[in-house]
Amino acid sequence: MVYEKEDILAVSRCGADACVSIIGAAEIIEDHLCAYFKTLDIDQIKLKSEFNTFWMIVRNKIKILKTIPWNSQIGVKCAISDVTLAKMVVEVAIYYQKELAIYSNIEICMLDLATQKVRKIKEVLSSDFQIQPKTIQMDFERFNENGVSKLAEFKVNSTNIDYCHHTNNIEYIRIALTAYNFKELLEKPITGFEINYINQAYEGDILEIYGKKCSKYDYLELMDANKTTIKCKIVRKSR
C-alpha cells in the first residue's frame, strides 16, 4: 500500500529564511510515517499497548532537493521499500509544485520494551507487506570520524521525552544542531542529513556534543558517559 496525503507547510516547520528547515522536514517525515503505519494498523500506540514493543528508527537519511516556502501546499508519499527479518525500510517523498522536494529513507526495527532487544518483525506482525520500488536511489552510508572536538553539552529534560519514555527522534536532531549558530545555518543551510541512532538517552542524561568539519560535510556526535548516542553527517550549501 502506498500512502499519499496533502499538507500545508506550517510556520513552525520553517527556519529563519521562512522556508522548510531540516528539523521541519524531519517532523513532516515522522508525522506522516506514523500516519501511514496507522493506516496499516502497525502504529506505535498499538504495538506498545498490545505487544510491549515499538518501532525504533535505526537510520534516517534526508535530502532537500528544493526549497519550500512557508504556507505552501505539499504532497507526501510513504511506501515500504524493503523488509528483512528484523528491519524495514520506508521511503517518504515530499512534493512541492509537483516536483520532488525532499526525500527520506528510514530504516527501522522493532524493539521489545521489556528485554530491550530487537525482535523479528514476523514474530509480532503477520502482515505480508507490499514492497514498492524506490522513487530515487539513495543508499545509507557508513561514516565515522576521529579527532572530534567538544562543542557543547545538553541536559535531557522532560520536554525531550516521548511516549516510549526516551528521547524523541526529532529531539536528538534539535540537540545536535545546537552546535551551529544562527548565522551559520542561515548562510549555509542544510541540504543533506543522515543520522544513525545507536543508543537511547533518558531524562536527566547529559549529552556532550562533539563535531568536526570535513571537506565535504560536517560530522556531529552525541555522547552520554563515553557512549555514543547518535552520530550524523550533515551537508550544507553556500548561497
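The protein chain of this predicted model exposes about 11,900 Å², and carbon and sulfur atoms supply 50% of that area. Of its 239 residues, 50% count as buried. Along the principal axes, the C-alpha atoms fill a box of roughly 50 × 45 × 30 Å. The radius of gyration is 18 Å, which agrees with the value near 18 Å that a compact globule of 239 residues would have. Among contacts with a separation of 6 or more, 71% are between residues 24 or more positions apart. The secondary structure comes to five helices and 11 strands.

**Strand S2 and its partners**

Strand S2 covers residues 53-64. S2 is mostly covered, with 10 of its 12 residues buried. Two pairings of this strand can be described. With strand S5 (residues 99-112), S2 pairs in the antiparallel sense over 11 bridges. Within that pairing, Lys 63 has Tyr 103 of S5 as its bridge partner. With strand S8 (residues 190-197), S2 also runs antiparallel, and five bridges join the two. Here Ile 62 stands opposite Phe 193 of S8. In a regular strand the side chains alternate between the two faces of the sheet.

**Salt bridges**

Side chains of opposite charge can pair when their charged atoms come close. The model holds 22 salt bridges. Three of them are listed below.

| Salt bridge | N to O distance |
|---|---|
| Lys 61 – Glu 141 | 2.9 Å |
| Asp 128 – Lys 122 | 3.4 Å |
| Lys 150 – Glu 153 | 3.0 Å |

The side chains of Lys 61 and Glu 141 meet in a salt bridge of 2.9 Å. This pair links distant parts of the chain, since Lys 61 belongs to S2 and Glu 141 to the loop between helix H3 (121-124) and strand S7 (149-155), 80 residues apart. Are the two partners buried or partly exposed? Lys 61 counts as buried because its relative accessibility is 12%, which is under the 20% cut-off. Glu 141, at 31% relative accessibility, counts as partly exposed because this value falls between the cut-offs of 20% and 50%.

In the bridge between Asp 128 and Lys 122, both residues are exposed. Lys 150, which forms a salt bridge with Glu 153, is partly exposed, with a relative accessible area of 43%. Elsewhere, salt bridges that share partners join Arg 13, Glu 27, Asp 31, Glu 171 and Arg 174 into one network.

**Helix H4**

Helix H4 spans residues 169-176 and is mostly covered, with seven of its eight residues buried. The buried residues are Asn 169, Ile 170, Glu 171, Tyr 172, Ile 173, Ile 175 and Ala 176. Glu 171 is thus both a buried residue of H4 and a member of the salt-bridge network. At the start of the helix, a side-chain oxygen of Asn 168 reaches to within 2.8 Å of the backbone nitrogen of Ile 170.

**Two buried acidic residues**

Asp 112 lies in strand S5, the strand that pairs with S2 over 11 bridges. Asp 112 is buried, because its relative accessible area of 12% is under 20%. A polar atom of its side chain lies 2.8 Å from the backbone nitrogen of Ala 114. Leaving aside neighbours within four places in sequence, Asp 112 is in contact with Asn 52, Thr 53, Lys 117 and Arg 119. Of these, Thr 53 falls in S2, which covers residues 53-64.

Glu 145 is found in the loop between H3 and S7, the loop that also holds Glu 141. With a relative accessible area of 18%, Glu 145 is buried. What joins the side chains of Glu 145 and Tyr 217? They are joined by a polar contact of 2.5 Å. Residues up to four places away in sequence not counted, Glu 145 touches Lys 212, Cys 214, Tyr 217 and Tyr 219.

How values were computed. Residues numbered from 1 in each chain as written. Predicted model: local features only at pLDDT ≥ 70, side-chain atom pairs only at ≥ 80, totals over all residues. Heavy atoms only, no water. Salt bridge = Lys/Arg side-chain N within 4 Å of Asp/Glu carboxyl O. Helix = DSSP H or I, 4+ residues; strand = E, 2+ residues; numbered from the N terminus. Buried < 20%, exposed > 50% of the residue type's maximum accessible area, 1.4 Å probe, protein only. Polar contact = N/O pair within 3.5 Å; in protein donor to acceptor, adjacent residues only side chain to side chain. Pairing = 2+ DSSP bridges. Rg over C-alpha atoms; globule rule 2.2 N^0.38 Å. Contact = heavy atoms within 4.5 Å. Areas by Shrake-Rupley, 256 points an atom, 1.4 Å probe, with all protein chains shown as cover.
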